[in-house]
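Got the viewer open? Here is a short walk through the model, one selection at a time.

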There are 2 protein chains.
Amino acid sequence: MEYSSEETMLTFKRRVNFITTAYLPFVFSLTGTQMMCPMFSFHFFPIKTTSSALKGAIQLGIGYTVGNLTSKPDRDVLMQDFYVVESVFLPSEGSNLTPAHHYPDFRFKTYAPLAFRYFRDLFGIKPDDYLYSLVNEPLIELTNPGASGSLFYLTSDDEFIIKTVQHKEAKFLQRLLPGYYMNLNQNPRTLLPKFYGLYCIQSGGINIRLVVMNNVLPRSVKMHYKYDLKGSTYKRRASRKEREKSCPTYKDLDFQDMHEEGLYFDTETYNNLMKTLQRDCRVLESFKIMDYSLLLGVHVLDQSHREGGEPGQAGGDGRRPVGQRVLYSTAMESIQGDGKAAEALTTDDTMGGIPAKTHKEEKLLIFLGIIDILQSYRFIKKLEHSWKALVYDGDTVSVHRPGFYASRFLKFMSTRVFRKTQRKFARFIFATRESKQPSC
Amino acid sequence: MEYSSEETMLTFKRRVNFITTAYLPFVFSLTGTQMMCPMFSFHFFPIKTTSSALKGAIQLGIGYTVGNLTSKPDRDVLMQDFYVVESVFLPSEGSNLTPAHHYPDFRFKTYAPLAFRYFRDLFGIKPDDYLYSLVNEPLIELTNPGASGSLFYLTSDDEFIIKTVQHKEAKFLQRLLPGYYMNLNQNPRTLLPKFYGLYCIQSGGINIRLVVMNNVLPRSVKMHYKYDLKGSTYKRRASRKEREKSCPTYKDLDFQDMHEEGLYFDTETYNNLMKTLQRDCRVLESFKIMDYSLLLGVHVLDQSHREGGEPGQAGGDGRRPVGQRVLYSTAMESIQGDGKAAEALTTDDTMGGIPAKTHKEEKLLIFLGIIDILQSYRFIKKLEHSWKALVYDGDTVSVHRPGFYASRFLKFMSTRVFRKTQRKFARFIFATRESKQPSC
């Protein structure tokens, strides 16, 4: 089903608007054709078809806005910088300021450009590196790991996730920024999402809002288990459809079945992890945020060796060039770094994962981060569900008041998921490395 | 004129309220008598009489609130902490929580206690030191240096100023805090006022709001000249009444007469000073703040020697115990320190002042800070005056739009007030010291 260019723009917009609102969570009406004249196409399942156009527009837009920023002198970030929105029109034929391109005309908006530049700097990300990661290499589309209807793109170097967000989520992030980064300034150790940019692409009457964030689960490390944990037990089991995937995302009840004894850390690591989670949950509670999850990836080192891989190249898909280091946010850095020097805490052995063990002494690498913190507005919509859940089990409702949510989340993580052992783990990764060296 | 205790409380409150609103900028209706039963007195010039009672209530209140804070665990400051107001009632007969005292019952409110604790920590002020400075030694009342009608108290160690502020100023400070301290976090070098606490004393239907700030002009150093500079020339000359004082505060036109050639700094110091002023003015402009002043104290070293003093004990009034160091904010530290280590940049020679010279090579120490940043709401009241001034001289109106105000302020400071010389001043203070040593 295609609409030719003879169809009037107005009719097209109406159709697209209707369908995006009523049916699809996201439609981007740009094609990847080589035509310089705008040509709109539409499919009932347009994500595959239009995704390359969206990727192109993202890269053009970010390339323009980050490049443009370099000409602005470095200065202190002011409160008002959080509320600035910069906008540029990128016609396909190009302009004095923007290059020609093969997509329909679009407008690219950058939210709080100076504030986000400051935050990227706070996280040790240089403008050139940000540009290179996002613009110079192809973006990889991920299958949607959640039920949010968002699209996810990963940069080729595994560092950044681009996620489409709804209007309300983008607004909420804008409102959140001053206080959120006030906390980041005090506490660079955090498992909260690290937001590096907020953008909007406008074309054909449609707005697509995007956040750039840190990537919690590197693709170059095979995750033998993947969990989305909330500390609730009500309906917290992966669906049959999810289980059929090659790498399903399991939930709380699945975790309890699969890792009944939890995951063991040495005392120092356990304490750092818990302290970080506590501080993060306090921030989330202060913003009345709930319904967030801990995204948890478990890499089983022994299993990986049996499969012939190693963490630095594990999964064996060769996406990350061999020898490339993790540059920015890692799990290890998030709980005991200073926010900037991920490299110092990251070896090629661990790829930034946190050493852990099962109760059977199996060696693990743990990757984790708190996700989905922008959806608190859903609370109202979920009230009915919540009420039913309350009747079903007053203590295990996933959506509850923020203080209760935070303390239940923390209790679950500190007792059921993560446990401490008295033994030091410091050498076990290196032991692994040594055991591999003779084969070199 | 006194009201006995037989007069009903209601009548008294009405009278006091009427007079405070209509006539006096501030009345505090507590007496310093030893009576345990509240006894109200009132005078047309009550400041002297009631001031000791106010000082007592300040010290009791701050003593209680800071002591109370020590029991609260240290944690990250959250956005919501800026909006917290803690309140305690201190009856004269004492309570479980508060000591008995010799003043009428009063309520003491502490604004944003955790946020201010964090900021005091940011400035390197330990709770015990803050308590000691404010509570354990007598407060010294200063004659009002401005036209604001505020009362000023100085702590005995010269470190802190307590200033009474109007309701709107306190509100404005509360609103300002998140963004203001966002900037302080990025930029500890600042000549903006450093706010260490905001309090309110309620008694007999009257609210007295107080801010605790850094002291710009140490009393232990004799200021041979003192200026309040705005970068405007319209009506910027000290009044005859002001000139008759022993240490008048002069204004812009006076400065131009008295220091026609300006004050000379070595290049590095000049650049640091200008950079600090520029960043500060950008923050003020971003908050639409105008009408602020640079408070500037000039200590002439040669003159001081002729008078037989030296900076560390100069003025000869012996208020600061000999040998006591400046602990916190100093002028020197404000332009080239890290916000915490005033001691490292402060010697007994300079008492934190910035070395400078006149064009005649007279050696100076400069003390300075930006003051009166909370009064921007006055703008509306001053519109009429401003309009007249505009007619008189379009370019020299003291009250103007914030961007214009900031750039005129900066231009005046960078060209008329402060100038740079190529010569290094590094040794001249020590030379002074050496020249004095033979007499020891």
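A salt bridge here is a side-chain nitrogen of Lys or Arg within 4 Å of a carboxyl oxygen of Asp or Glu. Keep that cut-off handy, and keep in mind that what you are looking at is a predicted model.

**Stop 1: a charged network in chain A**

Select Arg237(A), Arg243(A), Asp254(A) and Asp257(A), and show their side chains: salt bridges link these residues into a network. Over all chains, the count of salt bridges comes to 26, so there are other pairs to visit by that 4 Å rule.

**Stop 2: two more pairs in chain A**

Next, pick Lys72(A) and Glu86(A), whose side chains form a salt bridge with an N to O distance of 2.2 Å. This pair ties together distant parts of the chain, 14 residues apart: Lys72(A) sits in the loop between helix H2 (47-70) and strand S1 (85-90) of chain A, and Glu86(A) is in strand S1 itself. Buried or exposed, or something in between, for Lys72(A)? Its relative accessible area is 26%, so Lys72(A) is partly exposed. Glu86(A) is partly exposed as well, with a value of 23%.

Now move to Lys245(A) and Glu242(A), another salt bridge, with the closest N and O atoms 3.0 Å apart. Lys245(A) has a relative accessible area of 37%, which makes it partly exposed. Glu242(A) has 13% relative accessibility, so it counts as buried.

**Stop 3: over to chain B for one pair**

Select Asp257(B) and Arg237(B): their side chains meet in a salt bridge at 2.8 Å, N to O. Again the partners come from distant parts of the chain, 20 residues apart, with Asp257(B) in helix H7 (residues 252-258) of chain B and Arg237(B) in the loop between strand S8 (225-229) and helix H6 (240-243). Color these two by accessibility: Asp257(B) has 52% and counts as exposed, while Arg237(B) has 39% and counts as partly exposed.

**Stop 4: where the chains meet**

Zoom out and show both chains. How many residues does the contact take from chain A and from chain B? It takes 19 from chain A and 19 from chain B. Together the two chains bury about 1800 Å², with 58% of that on carbon and sulfur atoms.

For the polar side of the interface, the rule finds 4 residue pairs in polar contact across it, both residues at pLDDT 80 or more. There are also 2 salt bridges between chain A and chain B. One to select is Arg279(A) with Asp76(B), where the closest N and O atoms are 2.6 Å apart.

Now highlight helix H5 (167-186) and helix H8 (267-286) of chain A, each of which supplies at least two residues of the side that touches chain B. H5(A) gives the most to that side, with 5 residues. Color the chain A side by class and you should find 9 nonpolar, 6 polar and 4 charged residues.

**Stop 5: along H8(A)**

Stay with H8(A) and measure from end to end. At 1.5 Å a residue, its 20 residues should span 28 Å, and the end C-alpha atoms are indeed 28 Å apart, so the two agree. Look along the helix for its buried residues, including Tyr270(A), Leu273(A), Leu277(A), Asp280(A) and Leu284(A). An α-helix has 3.6 residues a turn, so residues three or four places apart point the same way. Following H8(A) is Lys288(A), with a positive phi near 60°.

**Stop 6: Leu273(B) and its neighbors**

Jump to chain B and select Leu273(B), which lies in helix H8 (residues 267-286) of that chain. Leu273(B) has 0% relative accessibility, so it counts as buried. Which residues does Leu273(B) touch, not counting those up to four places away in sequence? Show Leu191(B), Phe265(B), Ile335(B), Leu368(B) and Phe418(B). For a long ruler line, try Gly67(B): 206 residues away along the chain, its C-alpha atom is 37 Å from that of Leu273(B).

**Stop 7: a covered helix**

Next, select helix H3 (residues 113-122) of chain B, which is mostly covered, with 8 of its 10 residues buried. Among them are Leu114(B), Phe116(B), Tyr118(B) and Phe119(B), along with Arg117(B) and Arg120(B). Just past H3(B), Gly124(B) has a positive phi of about 80°.

**Last stop: all of chain A**

Switch to a cartoon of chain A and you have 15 helices and 13 strands. Of its 440 residues, 55% are buried. Among contacts in chain A with a separation of 6 or more, 70% are between residues 24 or more positions apart.

Methods: Residues are numbered from 1 along each chain as its sequence is written. Chains are lettered from A and ligands numbered from 1 in the order in which they are written. Side-chain values use heavy atoms; hydrogens and water are left out. Contact means heavy atoms within 4.5 Å. Buried area is the accessible area (1.4 Å probe) that two parts lose on being put together, summed over both. A polar contact is a pair of N or O atoms within 3.5 Å; within protein, one must be able to donate a hydrogen and the other to accept it, and residues adjacent in sequence count only if both atoms are side-chain atoms. Helices (H or I, at least four residues) and strands (E, at least two) are DSSP runs, numbered from the N terminus. Ala, Val, Leu, Ile, Met, Phe, Trp, Tyr, Cys and Pro count as nonpolar, Asp, Glu, Lys and Arg as charged, and the others, Gly among them, as polar. The expected span of a helix is 1.5 Å times one less than its number of residues. Buried means under 20% relative accessible area, exposed over 50%, partly exposed in between (1.4 Å probe, protein chains only).
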